[in-house]
Amino acid sequence: MPARTGQDYITGLREHPPEVWLRGERITDVTTHPALRGGVQAVAALYDLQSRAELRDEMTYVSATSGDRVGYSFIIPQTQPELQQRGRMMMRWARTGCGMLGRSPDFLNVNFAAWSAAADYFAQNRPAFKTHVRQYYEYIRENDLTLTHALINLQRRRTSGQSQLSEGVGLRVVRETDAGLVLHGSRILATLGPIADELAVYSPRFGGGNAAGSEAYVLNFAIPCSTPGVKFLCRESFDMGRSHFDHPLGSRFEEMDATVFFDDVFVPWERVFLLGDADLLNEMPRATNSSVHTAHQGAVKNVAKSEFVLGVALLMARTLGSEELPQVKERLAELMTYTEVMKASLRAAEVDARVDQWGVMCPDDLPLEAIRTLFMSVYPRMVEILQLLGSSSFMALPSEADFETPLAAEIERYLATDTASARERVQLFHLAWDVACSAFGGRQVLYERFFAGDPLARAGFLYSMYPKEPLMERIREFLGKDS
Ligand SMILES: Cc1cc2nc3c(=O)[nH]c(=O)nc-3n(C[C@H](O)[C@H](O)[C@H](O)COP(=O)(O)OP(=O)(O)OC[C@H]3O[C@@H](n4cnc5c(N)ncnc54)[C@H](O)[C@@H]3O)c2cc1C
């Protein structure tokens, strides 16, 4: 099947409905439910870009397997132009979502492309896993499926990595059969889960992975979201059913996060990629370089998001007539600095890309890992700057409906500024509100802080990969100088 359209994606969700629960209700059709349909439309809009004639070469490439044009984020890049082309394709998706769709499908597409190229790594666990991972990658590429993932075991306490084992909360194998595995337990946090086709589960870091009995928790597999026994429990929706004017982001980009329960779920062997070997699973992201490729997607999203927030801030200052104030310029310059650092790191990673041991053109890992870590604290600061720039304008904020009341004349008169009509100002500040203050905006901050894992663990990852010796050696040399 060639790269899908938005309608193909929607049809797929309707034909294979997952078990989704939200605010006490079982949702039978996620594509039409008011809490989720906005997110479905947003993902569908990404897929629609693939069938636009003028974007064909940017968004798709020809599959060697089928001869069909498939989504470009599935490519296993072998040259720098291919890698950069993947970056451009992902940037178009990221900008379409204003940087607010963190889990657009490219995130896991690049992940599985990296695993497929490094399939020999999986064979170390069991020879068949090499074939499984390759075939699965081909399957999702040729069918252009949308994936979600849930990597984290829920925990009853946070004092020790062992707690999840003893309490039976984490996802574990309860039975192995000739046909596959039976799993029971739970995982967080499947962003996009209720509106995805497939669910991938793997634990990149597994606390207490070598303890006796822990093997049952060491898993890497993928199954359809509609598999019997898989249940998605949603948080409340931040699409409040309001207009694009009132909630420009929440009404469009609700990608939803869900806890996943597994109630004796059957996973056929051909969908199992690693099992029981904690060391192999823990080393997998680095050994296969999948963590670098997902960081590439994340870096693209960071650039799109930084540019978007900076654009909102610039327009806020212009609208309020504050752009010549030194403290406002200072704050805008801070946003510009973050944006340029993100852009420069992304570019450096692409330009300094090298072919890795799997024959894949792999972006340079250090700049990507550095900005992945940096953005966890920079994004909350970017949002804080919007709040500082906007102040009471976030509160003097009528809704779209207020423009149709007897107050309209007063709104038009008193809320206009030297550079903007009242309507322009109010529309802009609804957008700024959705970035900086609304439930949707608050979730974005939480997302950036945690989506790539605990910041402490991320910092440890960067520390472990950083080439420290040459720098210390330089200092030793300096200290040893006589003159
Ligand atoms: C909006 C959002 C979307 C997400 N999307 C996904 C997704 O699509 N897929 C997915 O797999 N995951 C997703 N995640 C989950 C993410 O991977 C986890 O949030 C992250 O790994 C941190 O785990 P946790 O939330 O359990 O944090 P916790 O373990 O609850 O940690 C919370 C805080 O407590 C601290 N802490 C925890 N334990 C200790 C300890 N023993 N000693 C000292 N300090 C401690 C941590 O440093 C951290 O600051 C998402 C998270 C968010 C917020």
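This section describes two open sheets and a helix pair in a predicted model.

The larger part of the strand pairing can be followed from the sheet orders. In one open sheet, 6 strands are arranged in the order β2-β1-β10-β11-β7-β6, with mixed pairing. Strands β2 (25-27) and β6 (172-176) form the edges of this sheet, each pairing on one side only. Between neighbouring strands of the sheet the turn is 20° on average, with direction ignored. Within the sheet, strand β7 (residues 180-191) and strand β11 (residues 257-268) run antiparallel and are joined by 9 bridges. In this pairing, Val 265 of β11 stands opposite Leu 183.

The other open sheet contains 4 strands in the order β5-β8-β9-β12, and its pairing is also mixed. The edge positions are taken by β5 (147-149) and β12; each has a single partner strand, so one side of each is left without a neighbour in the sheet. Neighbouring strands are here turned by 20° against each other on average, again ignoring direction.

Strand β9 (residues 219-224) is paired with strands on two sides in the order β8-β9-β12. With strand β8 (residues 198-202), β9 pairs in the antiparallel sense over 5 bridges, and Phe 221 in β9 is the bridge partner of Val 201. Strand β12 (residues 272-275) also runs antiparallel to β9, and 3 bridges join the two; here Leu 274 in β12 is the bridge partner of Asn 220. Strand β9 is mostly covered, with 5 of its 6 residues buried. Helix α7 (residues 127-143) lies across β5, β8, β9 and β12 and runs at about 140° to β12.

The helix pair is considered next. Two packed helices are described by the angle between their axes and the distance between the axes. For helix α4 (residues 80-96) and helix α10 (residues 290-320), the packing angle is about 45° and the axes are 9 Å apart. The two helices α4 and α10 are therefore oblique to each other, and α4 passes α10 in a right-handed crossing. On the α4 side, the contact is made by Gly 87, Met 90, Met 91, Ala 94 and Arg 95. These meet His 296, Gln 297, Val 300, Lys 301 and Ala 304 in α10. Classified by residue type, the contact of α4 with α10 comprises 5 nonpolar, 3 polar and 2 charged residues.

Terms used:
Residues are numbered from 1 along each chain as its sequence is written. This is a predicted model: local features need pLDDT of at least 70, side-chain atom pairs count only at pLDDT 80 or more; totals for chains, interfaces and linings use all residues. A residue is buried if 20 or more other C-beta atoms lie within 10 Å of its own, exposed if 12 or fewer, and partly exposed in between; C-beta atoms are placed from the backbone. Two strands pair if DSSP finds at least two bridges between them. Axes are lines fitted to C-alpha atoms, for helices over the stretch in contact, and angles run from 0 to 180 degrees between N-to-C directions. Angles under 35 degrees count as roughly parallel, over 145 as roughly antiparallel, 65 to 115 as roughly perpendicular and the rest as oblique. A crossing is left-handed if the near helix is turned anticlockwise from the far one by less than a right angle, and right-handed if clockwise. Two residues are in contact if their C-beta atoms, placed from the backbone, lie within 7 Å. Ala, Val, Leu, Ile, Met, Phe, Trp, Tyr, Cys and Pro count as nonpolar, Asp, Glu, Lys and Arg as charged, and the others, Gly among them, as polar.
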